[in-house]
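Colleague: I should like to learn how to read the features of a model of this kind, one at a time. May we begin with the pairing of strands?

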Amino acid sequence: MNLFTGFLLLGLALASVSGAPAPPHGSAADDGAAVPDRCEGIEFDAITPDEKGSHFFFKGAYLWKGFRGSAQLSNESFKELDDIHHIGHVDAAFRMHNTKNPEDHDHIYFFLDDKVFSYYNHTLEEGYPKEIQEDFPGVPSHLDAAVECPTGECMADSVLFFKGQDVHVYDIDTKTLKTKTWSHLPVCTSALRWLEHYYCFNGHNFTRFNPVTGEVRGLYPKDARDYFMSCDSFGHGGDHKVPKCSEIKLDAISTDATGKKYLFAGPSLHASGHSA
Ligand SMILES: *[C@@H]1O[C@H](CO)[C@@H](O)[C@H](O)[C@H]1NC(C)=O
Ligand SMILES: *[C@@H]1O[C@H](CO)[C@@H](O)[C@H](O)[C@H]1NC(C)=O
Ligand SMILES: *[C@@H]1O[C@H](CO)[C@@H](O)[C@H](O)[C@H]1NC(C)=O
């Protein structure tokens with residue numbers, strides 16, 4: 001039942017490293033503020049994939065590209081986030097799944113206070129930032145987290161917006177909102193859809209939940225450092241312990257909606273099934 005059994009970090013690394021060159025991080029220390037280390041157990045502000053399937057983890061003015069590597073200033077990848085608003089952090093982010101509307105599909109939306117930013121190919125779309133109310137009527141400002149939920153996994157192509165213990169389920173077609181309260185979940189400060197599963201991050205922990213009912217099955221929370229990043233003395237060990245591609249047996253290959261392939265290895269990994 002526990003789909004995480006045998007979840008090998010290498011699978012994550014393979015998926016994220018391809019197409020996302022290692023970022024330079026020399027300039028990160030220039031402002032004097034300490035560059036955050038995600039292996040120290042930080043709480044992310046937001047997590048989202050981009051249109052290429054690379055995952056971005058945000059904290060303060062910094063981001064990490066993919067599941068390994070060090071932090072860089074987020075304004076190096078998404079320059080207007082900081083330029084225009086001078087906030088130095090994002091509240092929430094998600095990648096839009098809206099195949100009916102190619103102009104929005106696969107765009108990354110960032111939420112900062114009462115503003116929304118839409119990026120494609122790391123370029124800010126014309127007309128942004130906008131008021132959240134213009135694009136997503138009814139969605140509150142100062143969000144905690146957001147995650148896309150396509151039809152099949154939710155009733156319709158939707159976005160789940162988290163604020164406190166409330167989740168606002170936004171129907172992309174009808175632009176209508178349904179609010180639920182999931183008080184059994186921790187407050188999600190970031191949320192991620194990964195291989196058709198949904199994860200709520202709180203502190204350095206995460207909890208897998210059903211995107212329709214909020215139900216949690218299995219033993220959660222778990223430490224994100226064991227699964228979503230490569231840290232010495234966590235999970236399967238640091239970079240030096242990750243076996244070479246040629247040494248592992250690939251058990252599953254999964255392709256997501258963008259056509260990106262994810263490779264998995266390990267004893268009982270279940271890459272694409274649903275249990276909840
Ligand atoms: C990026 O952010 C850093 C730290 O907030 C700041 O010092 C720097 O000037 C910013 N760069 C640009 C191009 O806005
Ligand atoms: C993406 O952006 C880069 C540079 O910002 C540009 O060179 C490239 O043509 C863009 N690609 C697409 C598909 O728009
Ligand atoms: C993370 O979860 C563990 C239980 O697995 C709990 O003891 C700990 O307090 C949690 N930490 C945070 C920061 O939420």
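Modeller: Let us do so, bearing in mind that this is a predicted model. Strands of a sheet pair through backbone hydrogen bonds, in either the parallel or the antiparallel sense. Here β11 pairs with strand β12 (residues 166-171) over 6 bridges, and the sense is antiparallel.

Colleague: Which residue of β12 stands opposite Ser-158, and which is the bridge partner of Lys-163?

Modeller: Opposite Ser-158 stands Asp-171 of β12. For Lys-163, the bridge partner in β12 is Asp-166. The hairpin formed by β11 and β12 has 2 residues between the strands, and Gly-164 there takes a positive phi near 60 degrees.

Colleague: How many bridges join β12 to β13?

Modeller: There are 6 bridges between β12 and β13, and these strands run antiparallel. Within this pairing, Val-167 has Lys-180 of β13 as its bridge partner. The two strands also form a hairpin, with 4 residues between them, and Lys-175 in its turn has a positive phi of about 55 degrees.

Colleague: In what order do the strands of the open sheet follow one another?

Modeller: The open sheet has 4 strands in the order β10-β11-β12-β13, with antiparallel pairing. β10 and β13 (176-181) stand at the edges with a single partner strand each, so one side of each lacks a neighbour in the sheet. On average, neighbouring strands of this sheet are turned by 20 degrees against each other, direction ignored.

Colleague: Why is β12 described as largely enclosed by the rest of the structure?

Modeller: The description follows because 5 of the 6 residues of β12 are buried.

Colleague: Is Glu-153, in the loop between β10 (145-149) and β11 (158-163), buried or exposed?

Modeller: Glu-153 counts as buried, because its relative accessibility is 14% and the cut-off for that class is under 20%. Its side chain makes a polar contact of 2.5 Å with the side chain of Tyr-198.

Colleague: How should I read backbone geometry outside the strands?

Modeller: Most residues other than glycine have a negative phi, and most peptide bonds are trans. Asp-113, in the loop between β6 (108-112) and β7 (115-120), has a positive phi near 55 degrees. With a relative accessible area of 23%, Asp-113 is partly exposed. Leu-195 also has a positive phi, of about 50 degrees, and lies in the loop between β14 (190-194) and β15 (197-202). Leu-195 is buried, at 13% relative accessible area.

Colleague: Where are cis peptide bonds found?

Modeller: One cis bond runs from Tyr-128 to Pro-129, with omega near 0 degrees; Pro-129 is in the loop between β8 (123-124) and β9 (130-131). Another joins Tyr-220 and Pro-221, with omega of about 5 degrees. Pro-221 belongs to the loop between β16 (205-209) and β17 (222-223).

Colleague: Finally, which residues are around ligand 3?

Modeller: They are Asn-202, His-204, Asn-205 and Pro-221. By class, this shell has 1 nonpolar and 3 polar residues, and no charged ones. A polar side-chain atom of Asn-205 lies 2.3 Å from an oxygen atom of ligand 3. For Pro-221, a backbone N or O atom lies 3.4 Å from an oxygen atom of the ligand. Of the 360 Å² of accessible area that ligand 3 has on its own, the protein covers 39%.

Definitions and conventions:
Residues are numbered from 1 along each chain as its sequence is written. Chains are lettered from A and ligands numbered from 1 in the order in which they are written. This is a predicted model: local features need pLDDT of at least 70, side-chain atom pairs count only at pLDDT 80 or more; totals for chains, interfaces and linings use all residues. Side-chain values use heavy atoms; hydrogens and water are left out. Buried means under 20% relative accessible area, exposed over 50%, partly exposed in between (1.4 Å probe, protein chains only). A polar contact is a pair of N or O atoms within 3.5 Å; within protein, one must be able to donate a hydrogen and the other to accept it, and residues adjacent in sequence count only if both atoms are side-chain atoms. A residue is near a molecule or strand if one of its heavy atoms lies within 4 Å of it. Accessible areas come from the Shrake-Rupley method with a 1.4 Å probe; for residues, only the protein chains shown count as cover. Ala, Val, Leu, Ile, Met, Phe, Trp, Tyr, Cys and Pro count as nonpolar, Asp, Glu, Lys and Arg as charged, and the others, Gly among them, as polar. Two strands pair if DSSP finds at least two bridges between them. Axes are lines fitted to C-alpha atoms, for helices over the stretch in contact, and angles run from 0 to 180 degrees between N-to-C directions.
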